[in-house]
Amino acid sequence: MTRVGVLALQGDVREHRAMLEHLDVETVPVRTPADLQGLQGIVFPGGESTAIAHLLKSSGLAEALGELINDDFPVFGTCAGLILLSSEILDGRAQQWSFGALDVAVRRNGYGRQIASFEVPVSVSGIGEYEAVFIRAPRIERVSKEVSVLASLDKDGEHPVLIRQGNLWGCSFHPELTTDSRIHDAFVQSL
Amino acid sequence: MSNSAQTGSTLVKRGLADMLRGGVIMDVVNPEQAKIAEDSGAVAVMALERVPSDIRRDGGVARMSDPQMIQEIQATVTIPVMAKARIGHFAEAQILQALDVDYIDESEVLTPADEANHIDKWAFTVPFVCGATNLGEALRRIAEGACMIRSKGEAGTGNVVEAVRHLRTINQQIRRLQTADASELYALAKDLQAPLPLVQEVAERGELPVPLFCAGGISTPADAALVLQLGAQAVFVGSGIFKSQDPVRMASAIVEATTHYQDAKVVAKVSTGLGEAMKGWETATLETRLAERGW
């Protein structure tokens, strides 16, 4: 049985766990480095990236996960999780920390404050139409040529919202808030 | 962006509450405090002119905060900024929505503006959180459009006893619904003074349809660990941080305890050498019980 961790420091952890368990994946809430034993991949949930970054450092997970990510450990980050993976953060707090593993620039709250949060159907490569929920979402403003764009808000791929670079997946919306598990399934199938 | 984008849907409004789970929302009265809160790992700040313990001490009518201070705090931090409107004062809520706050707290901490009606929260794009002391009150607020419920506790006291009472009451009443026969839910809805469809939904799910957070009296890491173990999904800390001896350490310690609430070793570590918590009040001697406001 596939065993996937969900970073459980703060955020919508249980939605991710429920969705993975629906796909017959065993999930492990990860709060300390010891929780990383025997995992085939990990999900970074939505939440507040500044709070999660703070807790990653105090728990020792920043270091332990950083080493795993350097060794190609698979990670799927949604919203705050995407920010934590990104190499460049715009409009973050001063010197906001991240793993810097996904070669993209993201602008925090790049679509506006909560009042501008929205749902919209997007077309996902290999999956089809998907109802995407954006909540104070980060906007992906630059991607390197190593990064594949799997979904975009426009037809030309100029506004990426789901990206993949090797074993790292980043999503500016929240597939875990819907009942549609196809994106999680694609990540699990890649493990 | 496509023309079919929809803002203000129930999913989008409740979704932000989901993102705050496992976090600490801190009351702040100026940008300096907001910065400390963000640096300490708060998931959101509540911008208000006076923390509840000062409102309690000063008396008088407590109203929505000056938009200028809310805007200064918005300009200082990157995390969500919440603000309070008086119960039933939909014009204050309209102002807060116009200011682009991320969540409105229709709060018993302020002096109520309407003794019968709460705000019709469906009419707003911005989501609302409301307090509750029991399940019926929580479901009435959800029926009016609240997207997050916080157990009320007794704000500004530094005393967790009321928060525990309200959380236990809500959860006991949910368990009662889960064990009821479907034919008993009509009478239970009547007893709870709550809409039947919501009562049926809670009986089915075994929890509220929106996140349940805890507020009112949390002033130590141990308090946070207590209410999370009692089923709260996140905590609001008002006076407990900036009325303590060392707010920077207290803020960070409560954040750690909220994440690691199941690990007493971590809670013990962060509780060590914290300095004095806020002084606090014995609730039995209070002249004003804020939790009684709300209908």
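This report covers the cavities, the cysteines and one helix of a predicted model.

## Cavities

The model is predicted. The count comes to four cavities of 30 Å³ or more.

## The largest cavity

About 200 Å³ of space lies in the largest cavity. Its lining has 24 residues. Nearest the centre lie B:P52, B:A155, B:A215, B:G216 and B:G238. Three elements of chain B give two or more residues to this lining: strand 5 (103-107), strand 9 (235-237) and helix 11 (239-242).

What is the chemical make-up of the lining of the largest cavity? Nine of its residues are nonpolar, nine are polar and six are charged.

## The second largest cavity

The second largest cavity has a volume of about 100 Å³. Its lining is made of 13 residues. A:G47, A:E48, A:C79, A:N109 and A:R136 lie nearest its centre. Two elements give two or more residues to the lining of the second largest cavity. One is helix 4 (80-85) of chain A, and the other is helix 1 (10-19) of chain B.

Here the lining divides into seven nonpolar, three polar and three charged residues.

## Cysteines

How many disulfides does the structure hold over all chains? The number is zero. Take B:C130, which is in no disulfide. The cysteine sulfur nearest to that of B:C130 belongs to B:C147, 9.4 Å away. A disulfide needs two cysteine sulfur atoms within 2.5 Å, so a pair must meet that cut-off to count. B:C130 is also buried, with a relative accessible area of 0%.

B:C214 tells a similar story. Why is the sulfur of B:C214 without a bond to the closest cysteine sulfur? That closest sulfur is in B:C130 and lies 16 Å away, which is too far for a bond. B:C214 is buried, and its relative accessible area is 0%.

## Helix 5 of chain A

Helix 5 of chain A spans residues 182-189. Which of its residues are buried? They are A:I183, A:H184, A:F187 and A:V188. These residues sit on the same side of helix 5 of chain A, because they cover an arc of only 140 degrees around the axis.

Methods: Residues numbered from 1 in each chain as written. Chains lettered and ligands numbered in written order. Predicted model: local features only at pLDDT ≥ 70, side-chain atom pairs only at ≥ 80, totals over all residues. Heavy atoms only, no water. Buried < 20%, exposed > 50% of the residue type's maximum accessible area, 1.4 Å probe, protein only. Helix = DSSP H or I, 4+ residues; strand = E, 2+ residues; numbered from the N terminus. Arc of directions from axis to C-beta. 1 Å grid on protein atoms, 1.4 Å probe; cavity = no way out; pocket = protein on both sides within 12 Å on 5 of 7 lines; lining within 4 Å. Points joined across faces, edges and corners; volume = space filled by probe spheres on them. Nonpolar A, V, L, I, M, F, W, Y, C, P; charged D, E, K, R; others polar.
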